[in-house]
Amino acid sequence: MNAIGLYLHIPYCLHKCGYCDFNSHNINEAEMEPYVRALLTEMEHYGQAAGDRRVDTIFFGGGTPTTLPFADLARILKACHQHFKVDPEAEITCEANPATIPQSDLKELREAGFNRLSIGVQSFDSDELKQLERVHSVDEVFLTVERARQGGFDNLSLDLMFGLPDQTVDRWQDNLKQALGLNPDHLSAYNLTIETGTVFHKQQAQGHLVMPSDDFQRELYEITIDTLTGAGYEPYEISNYARPGKRCRHNLNYWTNGEYLGLGAGASSFLNDERFKNVNLPARYIAQIGESQTAVESRETPNRRQRMGEAVMLGLRLREGLRLATFEQQFGTSFHQAFGDTVTRLAGMGLLEINDGRAVLTREGLFLADSVIVEFITEPEQVT
Ligand code: SF4
């Protein structure tokens, strides 16, 4: 039986950042212990649904998982081992915000079994951190990385953000330089996007926040690819770069259409050809788990056409692209039969190429990935 990824959502943050549209909520001390108990109950429930599947990646994401006491993170991880068949070589990641680390000994997390830390740095510039409403300082980033290495983490990822209002080429290059100076094993560099419903969205609508031009954002993206590739990192996904052997296995499972189980408020799952998602609000999640051990608010079984679109959407995110033989094997029809018109059009625009049995986005296509990928979701049925 195939392996699955396990995702655990910890929805609490010290402060809601202005750009954030994740399911995150300000810390609520009174709610956190009941939340952990609800997570453990939900886990016990799904331990059986997973059957004989091996869990080969576990990811604690958020929110900010490190807002929980480390003893609670260890307790939850221990329960994962009790209820699921966790592979002894599993990749076990915890996301961390540098503001939650300075007083902590990360050895405790490492000894509990976490073997990968993903640190939300975003910027090495104090003004940019302030602009993003991040609550940590640049010094706390350095301290967190130092503590992580001292604690025994040999798989560290740093998250960075580019395309900020007023960001200059020099400032972004300095961010990359400082990140590389910390010798991370993995880097994620995301282009800031303004999502509906965020504080930034409101500020933009009021004219208080002006985003850089597309051309400038593209220039920063090109600099990112060139700088990180030049420093020995493999650009393996639109926004992700890894030292050899350090690609994020948990996210690769998503991008290759693997099965996963998400536990916690707002978490999504894909299991037995069904997609389902939990309620977002932590208080509602706790209440529903108390009543019925589950908190699912929506379920869907994608039809063949939707699954084909999703496979392409995910596969094109990877720099290696979508393997056409795998597509054909999975759906019993060739990629060209299913998407011939779209492929011809996108190839003609220089956004997509077919190389060595794979469909791959060009550099131009990578920068415009969101709008290219959507073409495969909306294309009318061609398959007979
Ligand atoms: S720390 Fe992350 S999850 Fe929390 S509010 Fe900021 S961006 Fe959102």
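## Ser104 and Ile101, two residues of one loop

Let's start with Ser104, which this predicted model places in the loop between β5 and α3. Ser104 is partly exposed, since 16 other C-beta atoms lie within 10 Å, a count that falls between the 12 or fewer of an exposed residue and the 20 or more of a buried one. If you step along the chain by 44 residues you reach Ala148, and the C-alpha atoms of Ser104 and Ala148 are separated by 10.0 Å.

Ile101 also has its place in the loop between β5 (85-96) and α3 (107-112). Is Ile101 buried or exposed? With 24 other C-beta atoms within 10 Å, Ile101 is buried. Setting aside neighbours within four places in sequence, its contacts are Thr66, Ala96, Leu106, Glu140, Leu143, Thr144 and Arg147. For one of these partners, Thr66, there is also a C-alpha separation to quote: 7.6 Å from Ile101, at 35 residues apart along the chain.

## Around the ligand

Which residues surround the ligand? From the N-terminal part of the numbering come Cys13, Lys16, Cys17, Cys20, Phe22 and Ser24, and further along the chain come Gly62, Gly63, Thr64, Asn97 and Gly120. By class, this shell has six polar residues, four nonpolar ones and one that is charged.

Two members of the shell, Gly62 and Gly63, deserve a second look for their backbone. The peptide bond from Gly62 to Gly63 is cis, with omega near 20 degrees. Gly63 itself sits in the loop between β4 (54-62) and α2.

## Helix α1 and its two partners

Helix α1 (residues 29-49) packs with helix α2 (residues 70-83), their axes coming within 9 Å and crossing at roughly 10 degrees. That angle makes α1 roughly parallel to α2, because it is under the 35 degrees used as the limit. On the α1 side the contact involves Val36, Leu39, Leu40, Met43, Glu44 and Gly47, while α2 brings Asp72, Ile76, Ala79, Cys80 and His83. The contact of α1 with α2 is made up of seven nonpolar, two polar and two charged residues.

Helix α1 also packs with α10, with axes 9 Å apart and an angle of about 45 degrees. Here α1 is oblique to α10, and the crossing is left-handed. Glu31, Pro34, Tyr35, Ala38, Thr41 and Glu42 of α1 make the contact with Pro282, Ala283, Tyr285, Ile286, Ile289 and Gly290 of α10. In the contact of α1 with α10 there are eight nonpolar residues, along with two polar and two charged.

## Arg284 in helix α10

While we are at α10 (residues 282-292), Arg284 is worth a stop, as its place is in this helix. Arg284 counts as partly exposed, with 14 C-beta neighbours inside 10 Å. How far apart in space are Arg284 and Ala369? Their C-alpha atoms are 35 Å apart, with the two positions 85 residues apart in sequence.

## Helices α6 and α8

Another helix pair is formed by α6 (residues 169-181) and α8 (residues 214-230), whose axes come within 11 Å and cross at roughly 30 degrees. The two helices are therefore roughly parallel to each other, and their crossing is right-handed. The residues that meet are Val169, Trp172, Gln173 and Leu176 from α6 and Glu219, Leu220, Ile223, Thr224 and Thr227 from α8. Sorted by class, the contact of α6 with α8 has five nonpolar, three polar and one charged residues.

## Positive phi at Gln122 and Asn183

Finally, here are two backbone positions to look up in the model. Gln122 is not a glycine, yet has a positive phi of about 70 degrees. Its place is in strand β6 (residues 116-122), and it counts as buried, with 25 C-beta neighbours inside 10 Å.

Asn183, likewise not a glycine, has a positive phi of about 55 degrees. You will find Asn183 in the loop between α6 and β8 (186-191). Is Asn183 buried or exposed? It counts as exposed, because it has 11 C-beta neighbours inside 10 Å, and 12 or fewer is the cut-off for that class.

How values were computed
Residues are numbered from 1 along each chain as its sequence is written. This is a predicted model: local features need pLDDT of at least 70, side-chain atom pairs count only at pLDDT 80 or more; totals for chains, interfaces and linings use all residues. A residue is near a molecule or strand if its C-beta atom, placed from the backbone, lies within 6 Å of it. Ala, Val, Leu, Ile, Met, Phe, Trp, Tyr, Cys and Pro count as nonpolar, Asp, Glu, Lys and Arg as charged, and the others, Gly among them, as polar. Axes are lines fitted to C-alpha atoms, for helices over the stretch in contact, and angles run from 0 to 180 degrees between N-to-C directions. Helices (H or I, at least four residues) and strands (E, at least two) are DSSP runs, numbered from the N terminus. Angles under 35 degrees count as roughly parallel, over 145 as roughly antiparallel, 65 to 115 as roughly perpendicular and the rest as oblique. Two residues are in contact if their C-beta atoms, placed from the backbone, lie within 7 Å. A crossing is left-handed if the near helix is turned anticlockwise from the far one by less than a right angle, and right-handed if clockwise.
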